[in-house]
Amino acid sequence: MSSTTLYGGVSGRRVTVRDLAAAKERGERWPMITAYDAMTARVFDAAGIPVLLVGDSAAMVVYGYDSTLPVTVDDLLSLTAAVVRGSSRALVVADLPFGSYQTSPGQALESAARFMKEAGAHAVKLEGGRRVVPQVEALVSAGVPVMAHLGLTPQSVNALGGYRVQGRGEAGDELMADAKDLERAGAFSVVLECVPADLAERVTASLSIPTIGIGAGAATDAQVLVWQDMMGLTPSPARFVKRYADLGAELDRAARAFADEVVGGSFPGPEHTYS
Ligand code: KIV
């Protein structure tokens, strides 16, 4: 197993799922950020973020839908290819969108193969517990690393009755059983979204694969945020989001400054003009 740290360590090659397994053994925590285009992928990659997720959250933050359900494999394929082209070190994980894997293990493999072959993804993510174990097994036996996703699974928002905390009370035992089944099926990691912190802590202690939390407290092995949420582009982010920048205000300021200078005639100046 590799002993090179994920954050600020591994260099000159891509991070692999083996590196993530070694980090869990060392007790090293790590960050994951979503990315949907080459330029932000380049920035996050250069910042040392070891794993970039091309989330189906693209449905909302890129394509403007009000849920993740409408986005298609084709929609996410070109975004994933851009993120792979924009990065050189990060492991790039592509989300399998709603309807692209639930039908059968064969359908899951066909969709995942497109992300690996056409976009160059290094792993895929899918949502669900025991019901997707056959899909996870089929992917893993075909050589596709799988990141699982439990708790608030946004593709099931209609069945869950909204974006709400999952796994409280007895539902926590179900989630724990799901997590263990997904680990047994060969998943290399599991996202825990919007679950009580004590449940996430117990799941993290019970699994030998890394847990990646979002709204799941501080005890998970890794943390993930959607970049538009953490950088201040989302108007009303969820409680679990911390804002690390206010790009919304900065873009607004720059757009207004440009508009004022165009209207006032001071842009372009001589230094921006060819003779
Ligand atoms: O689609 C996404 O961005 C995700 C993360 C929030 C984990 O699934």
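Helices and strands are here DSSP runs, helices of at least four residues and strands of at least two, numbered from the N terminus. The model is predicted.

**Exercise 1. Place C194 in the chain, decide whether it is buried or exposed, and describe its backbone.**

Step 1. C194 belongs to the loop that runs between β6 and α9 (197-206).
Step 2. Buried means under 20% relative accessible area. C194 has 11% relative accessibility, so it counts as buried.
Step 3. The phi angle of C194 is near 50 degrees, which is a positive value in a residue other than glycine.

**Exercise 2. Locate E193, find which side chain it has a polar contact with, and list its contacts.**

Step 1. E193 sits in strand β6 (residues 189-193). An unreviewed UniProt entry gives this position, E193, the feature "active site".
Step 2. The relative accessible area of E193 is 11%, and the cut-off for buried is under 20%, so E193 is buried.
Step 3. The side chains of E193 and H149 are joined by a polar contact of 2.9 Å.
Step 4. With neighbours within four places in sequence set aside, E193 is in contact with H149, L150, G151, L152, P154 and I214.

**Exercise 3. Work out which residues surround the ligand and which polar side-chain atoms lie by its oxygen atoms.**

Step 1. Around the ligand are T34, L53, G55, D56, S57, D95, K125, H149, V191, I214 and V226.
Step 2. For D56, a polar side-chain atom lies 3.0 Å from a ligand oxygen atom. For D95, the corresponding distance to an oxygen atom of the ligand is 3.2 Å. For K125, it is 2.9 Å, again to an oxygen atom of the ligand.
Step 3. H149, listed around the ligand, is also the partner of E193 in the 2.9 Å side-chain contact.

**Exercise 4. Determine what surrounds E127, and how far away the nearest side chain of opposite charge is.**

Step 1. E127 is in the loop between β4 (123-125) and α6 (133-141).
Step 2. E127 is buried and has no salt bridge. A salt bridge needs a side-chain nitrogen of Lys or Arg within 4 Å of a carboxyl oxygen of Asp or Glu. The nearest side chain of opposite charge belongs to K125, at 4.5 Å.
Step 3. A polar atom of the E127 side chain lies 2.9 Å from the backbone nitrogen of Q155.
Step 4. Beyond four places in sequence, the contacts of E127 are D56, Y101, V132, H149, T153, P154, Q155 and S156. Among them, D56 and H149 are also found around the ligand.

**Exercise 5. State which residues of α6 are buried and what covers them.**

Step 1. The buried residues in α6 are V133, Q135, V136, A138 and L139.
Step 2. An α-helix has 3.6 residues a turn, so residues three or four places apart point the same way.
Step 3. The cover over the buried residues of α6 includes α5 (105-118), β4, β5 (146-151) and α8 (171-185).
Step 4. Just after α6, G143 has a positive phi of about 90 degrees.

**Exercise 6. Describe the setting of T72 and the peptide bond between F267 and P268.**

Step 1. T72 lies in the loop between α3 (58-61) and α4 (73-86). Its relative accessible area is 35%, so T72 is partly exposed.
Step 2. A polar atom of the T72 side chain lies 2.9 Å from the backbone nitrogen of D75.
Step 3. T72 and S100 are 28 residues apart along the chain, with their C-alpha atoms separated by 7.9 Å.
Step 4. The peptide bond joining F267 and P268 is cis, with omega about 0 degrees. P268 is in the segment after α11 (247-264).

Terms used. Residues are numbered from 1 along each chain as its sequence is written. This is a predicted model: local features need pLDDT of at least 70, side-chain atom pairs count only at pLDDT 80 or more; totals for chains, interfaces and linings use all residues. Side-chain values use heavy atoms; hydrogens and water are left out. Buried means under 20% relative accessible area, exposed over 50%, partly exposed in between (1.4 Å probe, protein chains only). Lys and Arg count as positive and Asp and Glu as negative; His and the chain ends are not counted. A polar contact is a pair of N or O atoms within 3.5 Å; within protein, one must be able to donate a hydrogen and the other to accept it, and residues adjacent in sequence count only if both atoms are side-chain atoms. Contact means heavy atoms within 4.5 Å. UniProt positions are given in the numbering used here, feature names are shortened, and annotations may be inferred rather than shown by experiment. A residue is near a molecule or strand if one of its heavy atoms lies within 4 Å of it.
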